[in-house]
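Reader: I would like a close look at one part of this protein, namely the pairing of charged side chains. Please keep it plain.

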Amino acid sequence: MDTTPLFTNDTIVFGLLMLALGFVFFTESIKTGFWSKFYKIVPGLFMAYMVPAILTTVGLISPEWTSVSEAGIETEGSSSLYYVASRYLLPAALVLMTLSIDLRAVFNLGWKALVMFFTGTIGIVIGGPIAILIIAYFSPTTVGGIGPDAVWRGLSTLAGSWIGGGANQTAMLEIYEYNQAKYGAMVFVDIVVANIWMAIILIGIGKRDRINKWLKADTSSIEELKEKVSTFSEKVKRNPSLTDIMIIGAIAFGAVGTAHLCAGYLAPFFDQLVAGIESPTTRNIFTFLGSSFFWMISISTLIAILLSFTKAKNYEGAGASKFGSVFIYILVASIGMKMDLTLIFDNMGLIAIGVIWMTIHALMLIGVAKLIKAPYFFLAVGSQANVGGAASAPIVASAFHPSLATVGVLLAVFGYAIGTIAAIGCTILMELAAVS
């Protein structure tokens, strides 16, 4: 089947994404009439995600496609925009948003951030087996299968992805040897359910004051951090010169280049080191160390934190975090274009498992947040550090304030570290649920 979109040239697609972002920001700036009322309900960040999703749904653009020639020969095609945004613009954004960070104030955010992160992890661990039990009651065949075709084996890859990230997902595929011919369906569920949940979180950001009031949350530590950064920004604020902008670019992409250089050595080194571990379980627990994306994000953040102790932090006054925000919005748009809204109705059985699974994750987060009076920020970032990983957690965190992006990264990196072992625990429970 030919699924070629109208536009396949990435230059044109990028232009459409930028026009979409321009449309969102222009309409959000209108303070009267329909758009003013609209953006009081729907956050601009959500629209930056949803408009590209609509462009994909109507067939104008697509993250990947199959072209069929007149001779019947199929050719696979794909867009490189998400890769470029996540590998180049995301680390650059993290550097620019972290330049002015007050690391002590970040750690002063306290224990509630970690509690919400681990609550999110536990929600994923127990959500999988509960979802299987519920669906099995109505449709046993949906969660059936034997040997490599067993659905619980495929769902193990979702657990890896939703607690850690791509490296952990691949590790779970290797550990439980799921039929790779059927693996695409699991990736599909991952994309659909995780993106729906991210969309809900983005909508919640626009209503965070009301949510925090309901949670009876103490947001003083977050407000203190935002105040410190805002005060510092005002203190060093200046009209940026061309020199300022070029130096900001040099800092951002110099750090990205350094991160990629180091990751190019560290990822193969640890990949080889981990491959030498005799125990298969232990070996797969540390698979994330062989991920170049993990090292690239970690090193970029570390460089930025080190620069925050130097005079480089003064470039916040020339708009460093604003440039970082531009990169983040481009990343959001490229994530949005991966979502074809019509596919939600395909393979409803697996989608139902994913939705129930994510609902349990969400309910646990809401319950614990209410219990410990944690701010919505900790709920949102704690969830995305698990489900979205290093690509999504900084997006959600920076939506509250650019200075908070680092919190998302630190928790997401932690998610990488515990992702595989927690996913193994989840899979053991899912196997028991499937065969019960």
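Is Asp244 buried or exposed, and what is its relative accessible area?

Author: This is a predicted model. Asp244 has a relative accessible area of 9%, so it counts as buried, the limit being under 20%. Its side chain meets that of Arg238 in a salt bridge, with N to O at 3.1 Å. Arg238, at 33% relative accessibility, is partly exposed. The pair therefore joins a buried residue, Asp244, to a partly exposed one, Arg238.

The structure holds three salt bridges. Side chains of opposite charge can pair when their charged atoms come close.

Another of these bridges links Lys226 and Glu223, whose closest N and O atoms are 3.4 Å apart. Both residues belong to helix α11, which spans residues 220-236. Because Lys226 and Glu223 are three residues apart in that helix, about one helical turn separates them. Here the lysine is the buried partner: Lys226 has 16% relative accessibility. Glu223, at 39%, counts as partly exposed.

The remaining pair to describe is Glu234 with Lys237, where the side chains form a salt bridge at 4.0 Å, N to O. Glu234 and Lys237 are both exposed.

To sum up the burial of the partners, Asp244 is buried and Arg238 is partly exposed; Lys226 is buried and Glu223 is partly exposed; Glu234 and Lys237 are both exposed.

Notes. Residues numbered from 1 in each chain as written. Predicted model: local features only at pLDDT ≥ 70, side-chain atom pairs only at ≥ 80, totals over all residues. Heavy atoms only, no water. Helix = DSSP H or I, 4+ residues; strand = E, 2+ residues; numbered from the N terminus. Buried < 20%, exposed > 50% of the residue type's maximum accessible area, 1.4 Å probe, protein only.
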